[in-house]
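Trainee: I've got a model open and would like to go through it with you. Can we start with the empty spaces and then look at some helices?

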Amino acid sequence: MNQTLDVLVVGGGLVGASLTLALLQQGFHTGLIEAKKAQPIEPVDFSRPGFDHRVFAISRASERIFRALGVWEAMCAQRVSPYQAMQVWESFGEIGFDHQDIGQENLGHIIELQVMQYALQQRQQDFPQLHGYFETKVSHLQQHEDYLAVHLNTGEVLTTRLLVGADGGDSQIRKLAGISCDIQPYGHHALVASIETALPHQATARQRFLPSGPLAFLPLTQPHTSSIVWSLPPEQAAAMQALDKPAFHQALEQAFNSRLGSVLESSELFAFPLRRRHAKPYVKPRIALVGDAVRSIHPLAGQGVNMGLLDAASLLDVIVQAQTKHRDIGALETLQHYQRWRKGENLKILLAMDGFKNLFGNSWLPLRWARNIGMRLTDATYPLKNKLMQQAMGLEGDLPRLAR
Ligand SMILES: Cc1cc2nc3c(=O)[nH]c(=O)nc-3n(C[C@H](O)[C@H](O)[C@H](O)COP(=O)(O)OP(=O)(O)OC[C@H]3O[C@@H](n4cnc5c(N)ncnc54)[C@H](O)[C@@H]3O)c2cc1C
């Protein structure tokens with residue numbers, strides 16, 4: 001058996017990889033288990049046409065976390081797309097947000113998954129002491145008083161003071177730990193693709209609420225190219241996927257009120273079934289969940305990764321504090337601080353997403369009028385708008401050290 005690790009992270013997605021770096025920077029003896037193959041460390045080849053179909057709206061709080069982890073410069077050196085304005089509308093009511101209203105350079109960045117993955121992976125090379133296990137899964141766990149024995153499918157057994165499940169919405173660690181999870185389908189599939197439009201996006205993120213679901217156009221680095229996230233009931237999403245290109249372009253343009261003129265070209269369409277998940281509890285002795293393993297939300301507010309990074313940064317603060325006070329980093333008492341910290345924030349956003357979905361999913365005419373008038377009123381109320389902008393940028397609430 002190897003030397004006992006301080007922390008073993010399971011899942012090397014954006015949240016798990018970021019937490020791993022944060023732990024290594026703090027000098028924790030850290031391990032990372034990832035089910036997929038180790039990817040070759042090669043820069044993204046931008047001479048090839050097209051964009052990654054997975055792109056994310058990254059908040060200011062996440063930017064600060066990436067800066068603190070030493071990966072932000074490497075992301076910017078590849079390609080990131082800052083957006084300076086946001087427009088949200090249904091029919092006649094609209095809310096507009098502008099970076100100048102809050103004296104900021106931009107409201108956030110749209111970044112491709114492969115750009116973030118490459119920067120995180122490259123930074124991991126600075127920590128040869130990392131114990132990385134790829135194409136590996138955990139088969140079972142054994143609790144001991146001072147450590148957890150983690151049995152791998154390779155037959156190897158690792159011991160750790162704390163195990164972190166960062167293995168996504170279908171978390172195996174959550175299941176092995178016997179942590180229950182409230183799972184409900186949102187009744188939407190999200191269609192994603194890169195889209196070329198006749199009019200330039202002007203560094204503006206746009207979202208239209210339709211009774212069938214929200215449709216977002218996120219601006220990419222080319223002025224006429226955006227990434228869409230179109231949430232639709234599963235049968236309507238499948239029907240869109242079955243259309244030929246000209247018919248799909250026409251349907252998309254119509255759904256978006258031709259805000260960016262004609263849709264000229266589209267990449268392959270990918271569909272993601274959307275589920276609402278919330279784990280209860282977030283922690284057990286020597287086990288903590290972060291990212292989508294603890295909660296998955298509708299992408300309409302583009303907050304999943306952003307919240308996952310705040311989970312990671314908050315958990316880091318809690319265990320650094322425990323270590324400083326010579327307390328056990330895996331003790332339930334320590335981990336419950338993390339749970340208390342994040343649960344309130346998570347419940348707020350889960351409920352807000354439910355509210356948005358239910359409110360805009362109803363096409364009863366008086367309600368449509370009321371919400372469009374509500375949008376106009378919100379648009380004219382600067383303190384409220386500013387608060388909404390601060391929230392979207394991840395700058396509200398009790399922020400962990402890396403995000404401050
Ligand atoms: C269409 C769409 C658009 C979105 N847009 C945004 C956005 O704009 N902004 C935003 O913040 N969020 C967005 N999200 C949410 C975001 O995708 C998720 O919240 C985020 O990817 C979660 O990251 P994670 O690292 O927790 O999990 P994941 O990305 O799921 O990573 C989990 C990792 O664990 C590994 N793994 C899985 N099982 C095991 C196992 N048994 N053993 C070992 N490893 C395992 C996986 O291979 C993977 O590497 C969007 C989601 C969707 C569907």
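Mentor: Sure, and keep in mind that this is a predicted model. Let's begin with the second largest cavity, whose lining divides into five nonpolar, two polar and two charged residues.

Trainee: Which residues line the second largest cavity?

Mentor: Its volume is about 40 Å³, and a search of the whole structure finds two cavities of 30 Å³ or more. The lining of the second largest cavity is made up of F51, R79, V80, S81, I110, I111, E112, L220 and T221.

Trainee: Which strand gives the most to that lining?

Mentor: Look for a run of neighbours in the list: I110, I111 and E112 are among the lining residues. Residues 108–112 form one strand, and its share of the lining is three residues, the most of any; that's strand β7.

Trainee: Now the helices. How are α2 and α8 oriented to each other?

Mentor: Helix α2 covers residues 60–68 and helix α8 covers residues 304–324, and their axes lie 9 Å apart. The angle between them is about 50 degrees. Angles from 35 up to 65 degrees fall outside both the roughly parallel and the roughly perpendicular ranges, so α2 and α8 are oblique.

Trainee: What is the handedness of the crossing where α2 passes α8?

Mentor: First find the contact: A61, S62, I65 and F66 in α2 meet N306, L309, L310 and A313 in α8. Those contact residues divide into six nonpolar, two polar and no charged. As for the crossing of α2 past α8, it's left-handed.

Methods
Residues numbered from 1 in each chain as written. Predicted model: local features only at pLDDT ≥ 70, side-chain atom pairs only at ≥ 80, totals over all residues. Heavy atoms only, no water. Axes fitted to C-alpha atoms, helices over the stretch in contact; angles between N-to-C directions. Helix = DSSP H or I, 4+ residues; strand = E, 2+ residues; numbered from the N terminus. Parallel < 35°, antiparallel > 145°, perpendicular 65-115°, else oblique. Left-handed = near helix turned anticlockwise from the far one by under 90°. Contact = heavy atoms within 4.5 Å. Nonpolar A, V, L, I, M, F, W, Y, C, P; charged D, E, K, R; others polar. 1 Å grid on protein atoms, 1.4 Å probe; cavity = no way out; pocket = protein on both sides within 12 Å on 5 of 7 lines; lining within 4 Å. Points joined across faces, edges and corners; volume = space filled by probe spheres on them.
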